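Please give a short account of the protein shown below, written for someone who has not looked at it before.

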Amino acid sequence: MAMMRSDLGTMKILHLKKRGCFLLKLLCLVVLMLIFCEFLVYYVVIFQCHWPEVKIEAHRSSRQSSASVLKAMFLSDTHLLGEIKGHWLDKLRREWQMERAFQTALSLLEPDIVFILGDVFDEGKWSSSQAWADDVRRFQKMFRHPVRTELMVVVGNHDIGFHYEMTTYKLKRFAKVFNFTSGKLIARKGVNFVMVNSVALEGDGCTVCSRAEAKLMKLSHKLNCSHQQEQIHSNKRCSGVEQLPASEPILLQHYPLYRRSDAECTGEDSALPEEKNIPFKEKYDVLSREASQKLLWWFHPRLILSGHTHSACEVLHNGKIPEISVPSFSWRNRNNPSFIMGSITPTDFSLYKCFLPLESRVVTIYCIAGAILGVLILAHLQLFNPPFYFAQHLIRKHKAV
Ligand SMILES: [Zn+2]
C-alpha cells in the first residue's frame, strides 16, 4: 500500500514537471515573439534603408567631401495623444512604436540632424499646462538623442491651434520647449534651412502673423545678400548684413504650399483614391495661394518639405521647385509610416524614403504565432487523439474511480 502511494506520488511529480516544462516552453515562445515584433522588427526593416548618393563638387577631395555631406532626417505628424482624446492603450502602443522606430533609426543611420515637421502633439492646441508638461516629458523621452544628432521641431496646427485658436501664450510655450521661432535659419555644413510657422501665414495682419511675416522678410533679405555677395560687393542694401552660406535655402513647414488637391500624387503612401480628388481648403489643408507665392518669392527655395496631410506627395512649383509632403510617422494615421533621409550639400541634394514596419504585417505575425500556440496547447491536452483512444482514456479513468 505504501509502495503504491509512493508510486502515485512520483507519477504526480513527473506529471507536474512535464506540465511545468511545457508551460516554460510556451512562455519562451511568447517572449521570443514579443521581442521580435516589438523590438527586432524595427532593426530588420530600418537596416535596409540607406543614405542616398549625392553629387559632390569635383574640386574637393573625397575625404573632405564625404564629411561635407549633411545627413538629415525628416519626419512629421507624430500626434502624441493627449489626456482628452487619447485612450491609454492607444497612447502606450503608438508611443512605443514611434520610440522604437526613432531610436533604431538613430542608432543604425546616425543622422547629423533630424527635423520634425509639426503636429508633434495632438492636443497642444487646447491642453492645460499640466497636460502640456506631461506631453512634453513623454516626447523628450521618446525622441531622446545623442549630442552628435540635433533635433529641430517646426510648429503645426495641432501644437498651437489653427490660426483662429492660436494665441501668443500657446506659441510661447511651444517656442520655449523647442527653441522654435518662425523665420529661424539653421545653417549646417553650408546648407540653409528656413523653418516657417505656416499657421501664422493667414495674411490677416494679426499680431503673431505680422511678426512672423516681418521675420521671414528680414531673413529673406539676409539670404539674398549672402547669395549676391560673390557678385556685388558694393551693394549698399547689403552692407552690414550678417553673411550666411551662399546656398539656396530649403523650406521646412507644416502646411504644404497651395495645391488644388492630392489628385496628382502617386505612390503606395499617397492619399486614398476616394480622398485624392477632394479639393483642398486654403489656410486649412494647405497655405493660401498668396502666402505660397510670397514664400517662393522671398526665398527661391531649392526644396520644400512639409507635413499636415499625413500622406505622401511630390509637387513641382513653378515647374522647377520640388515640394515633398512627408507622411505621418505614427501608425495611428497610417499602416505604412515612413521618414525621409536626405544627403544634402550646399549645391545638391538626394532624398530616400525609409518605410517602417507595416502594422498589418506585425498583426499577421501575432495571429500566426497565436494560432501555433493554440495548436500546441490543444496537442498538449491530447484533444488531437483519435476518438477511439480518447474513449479508451475516458473508460480507463472511469474504471480507476
Ligand atoms: Zn496639421
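How many buried residues are there among the 22 residues of α10? The count is zero, and α10 is hardly covered. This answer, like everything that follows, rests on a predicted model.

**Overall make-up**

The secondary structure of the protein comprises 11 helices and 11 strands, and 34% of its 401 residues count as buried. When contacts between residues at least 6 apart in sequence are considered, 72% of them join residues that are at least 24 apart.

**The helical segments**

Helix α10 covers residues 359-380, and its 22 residues reach 32 Å from the first C-alpha to the last, which is close to the 32 Å expected at 1.5 Å a residue. The UniProt record, an unreviewed entry, lists residues 21-45 and 363-384 under "transmembrane region". Over residues 21-45 the model is 100% helix and 0% strand, with the end C-alpha atoms 34 Å apart.

**The six-stranded sheet**

Six strands make up an open sheet with mixed pairing, and their order is β4-β5-β6-β7-β9-β8. At the edges lie β4 (184-188) and β8 (313-317), each of which pairs on one side only. On average, and with direction ignored, neighbouring strands of this sheet are turned by 20° against each other. Strands of a sheet pair through backbone hydrogen bonds, in either a parallel or an antiparallel manner.

Two of the pairings in this sheet are set out here.

| Strand pair | Sense | Bridges | One bridge pair |
|---|---|---|---|
| β4 and β5 (residues 191-195) | antiparallel | five | K184 and M195 |
| β6 (residues 250-253) and β7 (residues 303-306) | parallel | four | L251 and I304 |

The β4 and β5 strands also form a hairpin with two residues between them, and K189 in the turn has a positive phi of about 50°.

**The nonpolar core**

Which residues touch the most other members of the largest nonpolar core? In this core of 70 residues they are F74, F115 and L252. L252 falls within the residue range of β6 (residues 250-253), and, leaving aside its neighbours within four places in sequence, L252 is in contact with F115, L117, V154, F193, V194, M195, V196 and L305. One of these contacts, M195, is also the bridge partner of K184 in β5, while F115 is itself among the three core residues that touch the most other members.

Terms used: Residues are numbered from 1 along each chain as its sequence is written. This is a predicted model: local features need pLDDT of at least 70, side-chain atom pairs count only at pLDDT 80 or more; totals for chains, interfaces and linings use all residues. Two strands pair if DSSP finds at least two bridges between them. Axes are lines fitted to C-alpha atoms, for helices over the stretch in contact, and angles run from 0 to 180 degrees between N-to-C directions. A nonpolar core is a set of buried Ala, Val, Leu, Ile, Met, Phe, Trp, Tyr and Cys residues joined through C-beta atoms within 7 Å. A residue is buried if 20 or more other C-beta atoms lie within 10 Å of its own, exposed if 12 or fewer, and partly exposed in between; C-beta atoms are placed from the backbone. Two residues are in contact if their C-beta atoms, placed from the backbone, lie within 7 Å. The expected span of a helix is 1.5 Å times one less than its number of residues. UniProt positions are given in the numbering used here, feature names are shortened, and annotations may be inferred rather than shown by experiment.
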